[in-house]
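Welcome, and please load the model in your viewer with a cartoon view switched on. We will walk from one selection to the next and look at what each one shows.

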Amino acid sequence: MDLGIDGKVALVTAASRGLGRASAEALGAEGARLVLCARGEGPLRDAEQAMAAQGTEVLAIAADVADPATPERLVAAAVERFGALDIVVANCGGPPPGRSLELDDDAIRAAVESNLLSSVRLVRSALPHMRAAGWGRLCCISSYSVVQPIPGLALSNTARSGLRAWAKTAAADLAAEGTAITLNMVCPGPHATERMRQLGGGDGPMGDPADFGRVVAFVCSAHAGFVNGATIVVDGGATLAL
């Protein structure tokens with residue numbers, strides 16, 4: 001299926017590895033021009049070179065998306081380089097494990113900065129350009145913990161659930177504007193990524209990151225204009241929540 005995004009400009013954060021990279025690769029395979037962001041310079045350059053070798057136009061920027069100034073800077077760089085910004089895939093590495101009653105304020109603040117506010121800031125920064133164009137796709141990569149909290153990952157459960165509530169509310173606000181701009185969340189369960197290995201995963205079925213990336217690409221496609229405010233769980237049936 002042609003997703004109708006050939007030539008669109010897509011910004012993907014935490015894009016050097018794992019599910020962020022898989023999402024960027026899926027968008028690039030559909031002809032999107034890419035702006036990639038990640039903290040690690042080496043892995044980011046590897047991703048940039050690999051996607052450029054496939055014929056994708058790529059701009060790679062090493063930055064920490066949790067820094068409050070980074071989202072606006074990324075959006076400005078995308079518009080300066082490509083003249084537009086049509087798609088944003090907001091992603092950020094997960095916080096460390098922790099039990100809820102053992103967390104201090106600093107740990108909670110850091111998780112909220114990374115896994116809630118970074119996405120909010122990206123959306124806010126991108127929206128003026130999408131409104132001017134009358135079209136846009138906003139996608140937040142989160143976690144299946146938003147529908148079924150994961151024991152031992154209290155920071156992730158807390159920040160990502162807050163993001164889900166914000167995104168659902170913001171999607172309704174966008175729908176009321178009557179523009180062709182959508183905002184959705186795609187929430188992975190266990191996938192074969194470095195993050196999952198760090199958390200000690202691997203005992204049960206694991207998803208292919210490339211398949212996850214194609215789900216994100218569809219949500220960001222021209223054909224998904226009536227998909228808005230959705231929480232799409234991609235977990236192979238691992239959760240029991242509806």
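Two strands count as paired here if DSSP finds at least two bridges between them. With that in mind, select Ala-10 and look across to β2, where Leu-34 stands opposite. This is a predicted model, so keep that in view throughout the tour.

**Stop 1: the sheet**

Now widen the selection to β1 and β2, which pair in the parallel sense over five bridges. They belong to an open sheet of seven strands, paired in parallel and ordered β3-β2-β1-β4-β5-β6-β7. Which strands stand at the edges? Colour β3 and β7 (231-234) to find them: each has a single partner strand, so one side of each is left without a neighbour in the sheet. As you rotate the view, note that neighbouring strands are turned against each other by 15° on average, direction ignored.

**Stop 2: helix α3**

Next, select residues 70-82, the 13 residues of helix α3. Try a distance between its end C-alpha atoms: they are 18 Å apart, which agrees with the 18 Å that the helix should span at 1.5 Å a residue.

Show side chains for Thr-70, Pro-71, Leu-74, Val-75, Ala-77, Ala-78 and Phe-82, the buried residues of α3. Look down the axis of α3 and you will find these buried residues within an arc of 160°, so they line one face of the helix. What do the buried residues pack against? Their partners are β1 (9-13), β2 (33-38), β3 (58-62) and α4 (105-133).

Turn to the face of α3 that points away from its buried side, and you meet the exposed residues Glu-72 and Glu-80. Seen against the sheet, α3 lies across β1, β2 and β3, and runs at about 155° to β3. Before leaving, click on Gly-83, just after α3, which takes a positive phi of about 85°.

**Stop 3: helix α7**

Move on to residues 209-219, which form helix α7. This helix lies across β4 (87-90), β5 (135-141), β6 (180-188) and β7, and runs at about 160° to β6.

Stay on α7 and show Arg-214 and Asp-211, whose closest N and O atoms are 2.6 Å apart in a salt bridge. Both residues lie in this helix, three residues apart, or about one turn. Asp-211 counts as partly exposed, at 43% relative accessibility.

**Stop 4: more salt bridges**

How many salt bridges does a search of the whole structure find? The search finds nine, and a few more deserve a click.

- Select Arg-109 and Asp-106, whose side chains meet in a salt bridge at 3.2 Å, N to O. They are three residues apart in helix α4, which means a separation of about one helical turn. Asp-106 is exposed, with a relative accessible area of 56%.
- Select Arg-121 and Glu-113, which form a salt bridge with their closest N and O atoms 2.9 Å apart. Is Arg-121 buried or exposed? Arg-121 counts as buried at 10% relative accessibility, because the cut-off for buried is under 20%. Glu-113, at 26%, counts as partly exposed.
- Finally, select Glu-41, Arg-45 and Glu-48, which are linked in a network of salt bridges.

How values were computed. Residues numbered from 1 in each chain as written. Predicted model: local features only at pLDDT ≥ 70, side-chain atom pairs only at ≥ 80, totals over all residues. Heavy atoms only, no water. Helix = DSSP H or I, 4+ residues; strand = E, 2+ residues; numbered from the N terminus. Expected span 1.5 Å × (residues − 1). Buried < 20%, exposed > 50% of the residue type's maximum accessible area, 1.4 Å probe, protein only. Arc of directions from axis to C-beta. Contact = heavy atoms within 4.5 Å. Axes fitted to C-alpha atoms, helices over the stretch in contact; angles between N-to-C directions. Salt bridge = Lys/Arg side-chain N within 4 Å of Asp/Glu carboxyl O.
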